[in-house]
Structures are given as structure tokens and as C-alpha cells.
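Okay, thanks for squeezing me in. I'd like to walk you through a fold on screen, sheet by sheet.

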Amino acid sequence: MVGLFGALLFVASGQQVDRPVGTVRQLAPGVFSRQGDRDRRQPANTSWVIFRDYVVVIDANTPWGIREILPEIRKTTGKPIRYVFDTHYHWDHSWGNSVLVDAGVTVVCSKDCAEELLTKGKTEWARTPASSEYSLESYRMEQPGIAFGEFLAFDDGERRLELRRMGPAHTVGDAVAFLPREGILFTGDLCVNWRSGNNMGDRDADHPNWVRALNELAGWNVRTVIPGHGGPGTVKTLLAQGAFIDDVWKQVSAGKRMGKSAEQLIREVGLVRHGDFAVDAQQNAAAIRAIFAKAPG
Ligand SMILES: [Zn+2]
């Protein structure tokens, strides 16, 4: 791991990534984001916004992840963390909740996310095998103290952070966080900006609505996109993510209507023009299988 830090990373596309994972970026005064680290099983990005009297964290990460992130937050502010907003129920975005609750933080998420935490989330937690390095033993599932339907805003007169439900898309209860004054959008897994897959095969994905959600977000006044995974992006990243999902959906639906099988489509569907979104063959296959099961025949 040590070798990653401080090094310049070059990816195969020739795109230069000048910050390694695990480092903290300041996006605007009082707005920070830490890029997730897949190798340490804390792959999701975690961000925080400093208000006049308190801090709001965006995505609780894993228990072991948030324990490493808390000292990073402390380096940027002495103000108390009052809220953590989980963009969706997936383990890498919500399982750190209990660490934060024990530190006096209130969990916030959409009502549908709360329902998913209680049902699928609970089952997934219980099924997670014990591992000496990444054990859940000293942690617990935590439900939100505040669950919102469509919209919730934190506004102290100096800063405004808006939470808006966008799902069903990647999950049923997806919601995003937006700083309208700074034009910074935190998408959770509605958008990713890395070479490790796109989560399109995830069980709850509603692909057509996901594309609609991304197109809607691209119409907001967004200057910086902090995706669920990977480095910062722009409106172009949102549109490229949407175009990728839309293309897979359309190609697979058309193939299914022609009587092709999912396995045939995995061999035939061409996705190279989508660049980094489509570099993981296994994830592409999972996406095609998932879409094949859902697309009308
Ligand atoms: Zn996810």
C-alpha cells in the first residue's frame, strides 16, 4: 500500500490521475472528499461539508474505513460531526454508521434507503463471513435517525446542502447531495469514475430510470461531480455514465427481442467506445445478464 502513496498514477487510457486513492481533496472552502481505497475494503468515496456549527458527512463508508477517515476530518475542523448522509444502503456506503452513531452522529437517508437497510442490508450484514482483518463483530447495523421522502436541506444561512431522492436507479432508495452555491454534486453510485466496474448488475438496478436520473442531474448547475467511486468528474462524466447504461440497455433489449441469449449477447455486445466504464469484462457480463433478465422480451 505504501507504494501507492505519493506516486503519480497513470492509467492505460493515458489519463493521468495525479492523486492516489485514500487522499483528501479540498473541493471548496469547508468541503472535502476522500477517495476510496479498494485494497483496504473501503472502496467508496466519503466526503464532508463544514457548516457554521457542525459537520455533515456524506457516506459512512465501512466501519474500518470511517475509523481511518475520522482523523482526516479532524485535521480539517474541530466542529462536531452531527449528521451522516448515506447515499444508499450498500455496505461500502452505510456500514460505518454505528461508528459514527457511537460518536454522537445522526444517520440520514431516504425512506426507501432505510427500508433497504432494514431488509436486504440486514441480510447481507448477517451473511458476511467473519474475517480476522475485516470483522464486523464490534459493529452493528444502524438505522437512520432521520429518513426523508423526496427532499431535505441543511441550511444555516451560510451554507446549504440539499439531499434529493433520485431512485429507483442503482438501488431503490438512491439519493444525492448537492451544494447549489458551489455547484458540487455527490452522486453515490449513480455515477462512478474508475476502472473497476459500474455496478449495473446490482440486484435493484432500474436502468431506464437510472439514465433519466443522470440526465436530470446533468441539467443542474453542476461544476464538480464526486462519484461514489473514483476521482472527481464533471457534467460530462454524468452524461457518459448515462450513455453507457442506456447503450447496454438498448443493445441487450434489442438482442433479447431478436431471440438471442444473454451469453450470446455477452460475446456480441460492443462497448469499447465507452472507455473506462466498460473495461471490466466481468462487470460487463454481469450487467448484460442483469439487463437481459429485466428487459422486456
Ligand atoms: Zn452501491
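Before I point at any pair of residues, a word on pairing: I call two strands paired if DSSP finds at least two bridges between them. Keep in mind that this is a predicted model.

So, how confident is the predictor? The chain averages a pLDDT of 91, and 93% of the residues score at least 70. Residues 1-18 are another story, with pLDDT under 50 throughout. Where pLDDT is low, the coordinates shouldn't be read in detail, so I'll move on.

Here's one sheet: it's open, with 7 strands in the order β3-β4-β5-β6-β7-β8-β9 and mixed pairing. At the edges sit β3 (24-28) and β9 (146-148), each pairing on one side only. On average, neighbouring strands are turned by 20° against each other, ignoring direction.

Zoom in on β7 (residues 81-85) and β8 (residues 106-110): they're parallel, joined over 3 bridges. Which residue of β8 does F85 stand opposite? That's V108.

Two helices lie on this sheet. Helix α1 (residues 63-76) goes across β3, β4, β5, β6 and β7, at about 155° to β4. Helix α4 (residues 111-127) lies across β8 and β9, at about 110° to β8.

Now the other open sheet, which has 5 strands, ordered β10-β11-β12-β13-β14, with mixed pairing. Its edge strands are β10 (151-155) and β14 (224-230), and the twist averages 25° from one strand to the next. Inside it, β12 and β13 run antiparallel, joined by 3 bridges, and L179 stands opposite I184 in β13. Helix α5 (residues 207-218) lies across β12 and β13, running at about 150° to β13.

How values were computed: Residues numbered from 1 in each chain as written. Predicted model: local features only at pLDDT ≥ 70, side-chain atom pairs only at ≥ 80, totals over all residues. Helix = DSSP H or I, 4+ residues; strand = E, 2+ residues; numbered from the N terminus. Axes fitted to C-alpha atoms, helices over the stretch in contact; angles between N-to-C directions. Contact = placed C-beta atoms within 7 Å. pLDDT = per-residue confidence, 0-100.
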